[in-house]
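Please find below some notes on the model, set out as numbered points. They may be read alongside the sequence and the coordinates.

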Amino acid sequence: DGVFFDTTKGHRYSASMEYAGGVLFGTENYTKYIVEASWFYNILWKFVIAFHSAAGYGSPFGSSGEIFFPERFFVGGTDTVRGYDERRLSPYDSNKDVAMGGYFMHYDNLELRFPIVGPLLAVLFADAGKAWDKPEYAKFGDLSTSAGIGLRFTIPQTIMMIRLDYGYGFDEKYMVKDGKLHFTIGNLF
């Protein structure tokens with residue numbers, strides 16, 4: 001019932017495939033697949049439960065031994081698993097200094113949304129996710145989790161939302177002491 005923001009009921013599914021190189025004569029040869037699903041349930045008055053799940057897989061082919069760095073999957077931060085630094089839940093280089101991204105990722109977001117006043121909403125959320133070098137390395141019991149609170153403000157007569165989230169990551173290996181504040185313009189799902 002709300003295509004861009006403030007959805008209170010319904011669902012959305014998407015699947016995409018990206019192909020580079022090969023018959024298109026590019027210098028990089030890879031395919032990427034991403035599937036996403038979102039569900040929205042009005043549970044009481046204007047309280048809404050929103051759930052989003054996403055998974056992606058990428059594979060190089062031909063002369064490319066790996067996927068071009070910017071095209072890999074990165075998880076952690078504002079638009080995936082809040083409460084962690086950006087890209088923190090992704091594979092790193094051998095020195096643990098630079099996020100290198102993975103060839104497989106999965107993350108979930110669960111939100112309880114409720115109005116405060118006018119176009120201002122409050123949110124309680126829980127997230128989980130990670131990126132891995134290869135699908136066979138994925139262990140869903142090893143997902144990093146977080147929880148937090150947030151505010152959403154939809155600017156009237158526009159299709160623009162301002163998001164402010166404070167999340168706390170529970171994975172001691174990647175957590176940010178005292179949590180992480182995320183600010184962005186646009187909807188999460």
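1. Arg87 belongs to the loop that links strand 3 and strand 4. In this predicted model, Arg87 adopts a positive phi of about 65 degrees, although it is not a glycine. Most residues other than glycine have a negative phi. With a relative accessibility of 37%, Arg87 is classed as partly exposed, because that value falls between the 20% limit for buried residues and the 50% limit for exposed ones.

2. A second non-glycine residue with a positive phi is Asp178, at about 70 degrees. Asp178 sits in the loop between strand 7 (160-169) and strand 8. Its relative accessibility is 57%, so Asp178 counts as exposed. The backbone at both Arg87 and Asp178 may be inspected with these phi values in mind.

3. The strands form an open sheet of eight, in the order 1-2-3-4-5-6-7-8, with antiparallel pairing. Strand 1 (10-20) and strand 8 (180-185) are the edge strands, each pairing on one side only. On average, neighbouring strands of this sheet are turned by 15 degrees against each other, direction ignored. As general background, strands of a sheet pair through backbone hydrogen bonds, either parallel or antiparallel.

4. Three pairings within the sheet may be followed in turn. Strand 2 (residues 30-44) runs antiparallel to strand 3, with 14 bridges between them; Lys32 has Gly58 in strand 3 as its bridge partner. Strand 3 (residues 47-60) in turn pairs with strand 4 (residues 104-117), again in the antiparallel sense, over ten bridges. Here Ala54 is opposite Tyr107 of strand 4.

5. Strand 4 and strand 5 (residues 120-132) are antiparallel and are joined by 13 bridges. Leu112 is matched with Leu124 in strand 5. The hairpin of these two strands has two residues between the strands, and Gly118 there takes a positive phi near 55 degrees.

6. Which residues make up the largest nonpolar core? This core has ten residues: Ala54, Phe73, Val75, Val81, Tyr84, Leu89, Met105, Tyr107, Ala131 and Tyr174. Another core, of five residues, lies apart from it and includes Phe104, Ala128, Ala138 and Leu143. In soluble globular proteins, nonpolar side chains tend to be buried together. Ala54 and Tyr107, which stand opposite each other in the pairing of strands 3 and 4, are both members of the ten-residue core.

7. Is Arg152 buried or exposed? Arg152, a residue of strand 6 (residues 144-155), has a relative accessible area of 3% and is therefore buried, as this value is under 20%. Leaving aside residues up to four places away in sequence, Arg152 touches Arg82, Glu111, Pro119, Leu120, Leu121, Val123, Met161, Ile162, Arg163, Leu164 and Asp165.

8. With which side chains does Arg152 make polar contacts of 3.0 Å and 2.7 Å? The contact of 3.0 Å is with the side chain of Glu111, and the contact of 2.7 Å is with that of Asp165. Arg152 and Phe47 are 105 residues apart in sequence, and their C-alpha atoms are 14 Å apart in space.

Notes:
Residues numbered from 1 in each chain as written. Predicted model: local features only at pLDDT ≥ 70, side-chain atom pairs only at ≥ 80, totals over all residues. Heavy atoms only, no water. Pairing = 2+ DSSP bridges. Helix = DSSP H or I, 4+ residues; strand = E, 2+ residues; numbered from the N terminus. Buried < 20%, exposed > 50% of the residue type's maximum accessible area, 1.4 Å probe, protein only. Contact = heavy atoms within 4.5 Å. Polar contact = N/O pair within 3.5 Å; in protein donor to acceptor, adjacent residues only side chain to side chain. Axes fitted to C-alpha atoms, helices over the stretch in contact; angles between N-to-C directions. Core = buried A, V, L, I, M, F, W, Y, C linked by side-chain atoms within 4.5 Å.
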